[in-house]
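Me: Can you walk me through a few odd spots and ring contacts in this protein?
Reply: Sure, have a look at it here.

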Amino acid sequence: MKALIVDDNDIARTTLSHLAKQIPSLTIVNEFSNAIEAYNYLQTHPVDLIFLDIEMPEMSGIELTKNLSGKETIIIFTTSNKEYALEAFELNIADYLLKPVMPARFLQAVSKAQAILESRKENVEITKDEFLFVRDSNITRRLKLDDILYAEAMGDYVKFYTREKMFAIHGKMKTAEERLPKDYFIRVHRSYIVSVGKIDTLQDGGIMINGKFIPVADAYRKALNTRMNVF
């Protein structure tokens with residue numbers, strides 16, 4: 001993997017560069033102390049992965065990520081503050097590393113990025129054009145996966161909710177779980193699967209998505225917390 005380090009702290013860049021040298025499959029091709037300079041570089045020098053600080057002058061790491069929307073660059077945030085975690089994961093980043101970055105966590109984050117990169121080569125990555133066909137009032141409609149907020153089991157049906165309406169299909173939750181890409185969806189309850197990027201807030205006993213409270217069962221809580229990097 002070809003990677004960039006973008007951080008306004010000299011020590012942080014040196015630390016990440018040293019950790020990266022321990023991984024043969026990872027090559028740091030450049031380093032920047034400024035997100036704007038990194039953005040300009042990326043216009044003509046695409047990379048697989050960016051280790052990106054959040055709090056930087058002129059342009060933050062979150063702003064840079066939004067400006068790179070539509071590109072396939074994988075982002076790993078590196079920051080001293082965990083307060084940005086929810087906003088960061090709404091951007092579908094690969095991981096969120098808290099400074100000082102420990103070698104084991106760094107390796108884990110790089111492994112996640114490598115898995116995402118490999119999945120893209122196998123054409124299993126979700127794109128804006130991927131969809132499900134759902135039956136609505138005897139009419140079969142195409143539903144984009146990116147529009148789905150969450151799925152709810154209801155008897156012999158699974159209901160898929162978007163911001164505009166609900167679609168119900170005859171089937172089992174297990175089948176829906178198998179068909180929804182695990183990079184973007186996670187099971188949080190016997191009756192619910194949610195889109196990770198659509199989670200608004202996490203709270204005791206559940207999460208909020210588009211004003212809807214969705215319970216999180218104890219059996220799924222640890223996996224959700226790990227996925228969201230909740231400490």
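Me: Which loop is Asn210 found in?
Reply: This is a predicted model, so keep that in mind. In it, β14 covers 206–209 and β15 covers 212–215. Asn210 sits in the loop between β14 and β15.

Me: And what sign does its phi have, if we stay with Asn210?
Reply: Most residues other than glycine have a negative phi. Asn210 isn't a glycine, yet its phi is about 55°. That makes the sign positive.

Me: Is Glu58 buried or exposed?
Reply: Glu58 lies in the loop between β3 and α3, and it also has a positive phi, about 70°. Its relative accessible area is 66%. Exposed means over 50%, so Glu58 counts as exposed.

Me: Is the peptide bond from Lys99 to Pro100 cis or trans?
Reply: Most peptide bonds are trans. Here, though, omega is near -5°. Pro100 is in the loop between β5 and α5, and the bond leading to Pro100 from Lys99 is cis.

Me: How do the rings of Tyr150 and Tyr161 pair up, stacked or edge-to-face?
Reply: Their centres are 4.6 Å apart, with 20° between the planes. Planes under 30 degrees apart count as stacked, so this pair is stacked.

Me: Which residues form one aromatic cluster with Tyr150?
Reply: Tyr150 in strand β8 pairs with Tyr161 in strand β9, eleven residues apart. Tyr150 also makes a tilted pair with Tyr192, at 6.3 Å centre to centre; Tyr192 is in strand β12, 42 residues apart from Tyr150. The cluster partners of Tyr150 are Tyr161 and Tyr192.

Definitions and conventions
Residues numbered from 1 in each chain as written. Predicted model: local features only at pLDDT ≥ 70, side-chain atom pairs only at ≥ 80, totals over all residues. Heavy atoms only, no water. Phe/Tyr/Trp six-rings, centres within 6.5 Å; stacked < 30°, edge-to-face > 60°. Helix = DSSP H or I, 4+ residues; strand = E, 2+ residues; numbered from the N terminus. Buried < 20%, exposed > 50% of the residue type's maximum accessible area, 1.4 Å probe, protein only.
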